[in-house]
Amino acid sequence: MRRIAFFAALALTCAPALAARLTVDQIMANPDWIGPAVESPHWSADSQFIYYRLKRKGSDIRDLYRVDPVSGQSVKLDGAQQAQADGAPILNRQHTRAAFLRHGDVFVRDLSTHKLTQVTRTAQPESGVQWSADGDTVQYRAGNNWSTYDLRTGTTTSVAVLKTADNPQDAKPDQMERLQLSLFSTLRHMKAEKDAERQRDAQLDRTDATRAAQPFWLGKGVQIADTELSPDGRWMIVVTQPKDYDAGKSPVVNHYVTDSGYIHPEKARTYVGRNDPAPQSLVLLDLNAHKQYALSLNALPGIHDDPLAALRAKRQAELRKQGHDAEAKALDAPKTRGVRIADYGPATLAWSDDGRAAAVMFRAIDNKDRWIASVDFAAHKLVPQHRLHDKAWINWNYNGFGFVPHSHTLWYESEQSGYAQLYVKALNGRAKQLTSGHFEVRTPQPSPDGKWFYVLANKQAPYAYDVYRVRSSGGDLERVTAYEGMYDVETPVPFRLSPDGKRLAVLHSSAYVPDQLAVINVDGTGGRELTDTRTAKYKAMRWIQPQIVQVASSHGDFKIYAKLYKAADYDASKPHPAVLFVHGAGYLQDVTKGWSYYFREQMFHNLLAQEGYVVLDMDYRGSEGYGRDWRTAIYRHMGHPELEDLLDGKAWLVKHYHADPQRVGIYGGSYGGFMTEMALLRAPGQFAAGAALRPPADWTSYNHEYTSNILNDPQLDPEAYKISSPIEYAQNLQDPLLICHGLIDNNVMPTDSIRLYQRLIELHKHNFWISLYPMERHGFVHADSWRDEYTRIHDLFTRFVLNKKDKDTAAAKP
């Protein structure tokens, strides 16, 4: 049986020294007192060293370090040493050279001589570094313009000139021009000379490779969203969208504290449904023949269907009945559904490493379909390879795909089984599922030889993430690491395979230990810890280890995973005050064994436990890590299943941990702030007080990318928005509510909280307060703001939860 390396736990545990009682000032101070997490590890091109970054104390600057994984010796690199350091390497197919980016420029290292060649030194940053199929030319882009550098000749070539204008040579002479040509022989001669010169240039372009490329004219009505060059240099795929597309009116946030002393307005993102994102199209460029072809979407199965037909018909009938015929007409379904290609998320265009196969991922703007199609270069058309349909919405995560190295076989992630799993499919064959089970697989990385995939998965338990591997030909899913703490919202890819395919650089953590670096052989042997960046002061603290529990649901045959915090001297014989913490993002997982995005809140839970509270942090329905059905349970009624789960959590605390049902508080930020408002407004009297931080109070003013997935567009599905928005329940407020919001929040607009506040004023409500932070966006960055916010939360809970005696107490002004 293959060994798995279980690393020494003592190296990363907190010292058992007695800790003084915690204070808000201490736990909300600058996190430098904890020590920095290890960030952005990558291997050297020769697989001998690992580079990583650490935040500098007292600054946001990240310094570069290099560690020898054999000796464990780590050094901080100075400027001269950084000039010789490797960036994240991209190897050619032959594994003779590696290319990488450093400070926005392209470098190449010869792996046999270790010679370093700087390819670019430009003001505009380069990106998209890749290799030609023969391994002798490095390809890169600046913006959407591609260039190549031939290592044999030292020649830099501009690949293609793209013009978003009509080809002037396609213009037909009008009546006046035709008259002029018929009258004047000199004009006819000049025109003939120009035509002959163009024909000569076209002939030379086809036969003389030393000439600069002629422009491709894409049309004046488009703008370029993305470009991708084939490794063999023959083809380019261009993503276009309509030029001057009306994205809708943008709201603003105002900077009130500025250098100039004047208010500075800043545009923010548009509201959902005002307007939908611009539909995108594909153009295939044949760089050798200098021809271009539009790639039609017609081959995509379901592209002409309307998955919202029933909802659309109902809404249009309502509008027509109300006399809004123009609004009803505006909701007509398009003949061809709009798609997005170049968008947020993983790469959406992929090439085989020989450049002879390409695949594109499409996502319907209506959020109900995701397609993967290959490109038939001979016929200049798309060939469907995979369709994922969801009656609710396609996940924005778990959408990785690409080609298995040295093959024309696709790999992709899909939720089609109900859980995110890994699949492979030859372009002319049937799909094969490589992993299966009631767990999630994410961030697949193929080995350099294409024989293995390495994935992050929570196979052991929903809260325990580790690296596993599976053969690309199929077989058992083999466990490589045994940390159980490798999920971190801010570290989407916590492991890196060495270029030689023999070892993994791994970031892992635990409840009170931020990401640390380790190395392990790909078979799970030879593990070694490489960093411990915590400060001595932080390591001397003794923290309450969160207990992972399962709360039975009263609304179905399932359990909700949660983290429980209670003091070591918890007394089960007397009633306790309690607090429910609600994580943000909606689709996020906070019940794991790793470092939490909410590490400050976790320390706050320790403070509350010291004061006698029991605290519960739940992965309510809609959270990540539990499969498709858990994710989509909130479709068209956000805040309803989640509230059921939170109320079950409260009842569980009352039953099992003697929580006083009259002394339970609730708080959270972002989606957690939204749920705090929904809890107080839809279940009045259930919670003694709530603190809603940066909360969406009205989903009609949130963005398209997130909201339309879950609630459709507000014009089409206004009922979903009405039942899901706290502002619609404002009349129910009876329990103390504290709202905190950054005034330059350009994610959840501060107007959400201000509008709800005004609504509560007009409803003559009592015991609600708002605290605004002029220099904070959605995620606070200033320690003073964190301290102020959590001092207010602590005071709220002390007054209305900890020291609550009866209902009259809650009616008194603080």
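**Second largest pocket, backbone exceptions and nonpolar cores**

The second largest pocket has a volume of about 1400 Å³. The model in which this pocket was found is a predicted one. In total, 42 residues line the second largest pocket, and those nearest its centre are Asp205, Ala213, Gln214, Leu287 and His290. Several secondary structure elements each supply at least two residues of this lining: strands E10 (137–142), E11 (145–150), E12 (155–158), E14 (215–217) and E20 (291–295), together with helix H4 (185–207). Helix H4 provides the largest share, six residues. Sorted by class, the lining of the second largest pocket comprises 16 polar, 14 nonpolar and twelve charged residues.

His290, one of the residues nearest the centre of this pocket, also stands out in its backbone. Phi of His290 is positive, near 50°, although the residue is not glycine. Most residues other than glycine have a negative phi, and most peptide bonds are trans. His290 is located in the loop between E19 and E20, and E20 is itself among the elements that supply at least two residues of the pocket lining. With a relative accessible area of 32%, His290 is partly exposed.

A positive phi is also found at His103, with a value of about 40° in a residue that is not a glycine. His103 belongs to the loop that lies between strand E6 (97–102) and strand E7 (105–110). The relative accessibility of His103 is 60%, so this residue counts as exposed. A further backbone feature is the cis peptide bond between Arg274 and Asn275, for which omega is about 25°. Asn275 is placed in the loop between strand E18 (264–267) and strand E19 (281–286).

The largest nonpolar core consists of 69 residues, and Leu616, Met638, Leu653, Tyr671 and Trp699 have the most contacts inside it. Helix H11 (residues 671–682) contributes the largest share of this core, seven residues. When residues up to four places away in sequence are not counted, Tyr671 touches His583, Gly584, Ala585, Gly586, Tyr620, Ile634, Met638, Gly639, Glu642, Pro696, Trp699 and Tyr706. Two of these neighbours, Met638 and Trp699, are themselves listed with Tyr671 among the core residues that have the most contacts inside the core. A second core, separate from the largest one, has 56 residues, including Met28, Tyr512, Leu607 and Trp786.

How values were computed. Residues numbered from 1 in each chain as written. Predicted model: local features only at pLDDT ≥ 70, side-chain atom pairs only at ≥ 80, totals over all residues. Heavy atoms only, no water. 1 Å grid on protein atoms, 1.4 Å probe; cavity = no way out; pocket = protein on both sides within 12 Å on 5 of 7 lines; lining within 4 Å. Points joined across faces, edges and corners; volume = space filled by probe spheres on them. Helix = DSSP H or I, 4+ residues; strand = E, 2+ residues; numbered from the N terminus. Nonpolar A, V, L, I, M, F, W, Y, C, P; charged D, E, K, R; others polar. Buried < 20%, exposed > 50% of the residue type's maximum accessible area, 1.4 Å probe, protein only. Core = buried A, V, L, I, M, F, W, Y, C linked by side-chain atoms within 4.5 Å. Contact = heavy atoms within 4.5 Å.
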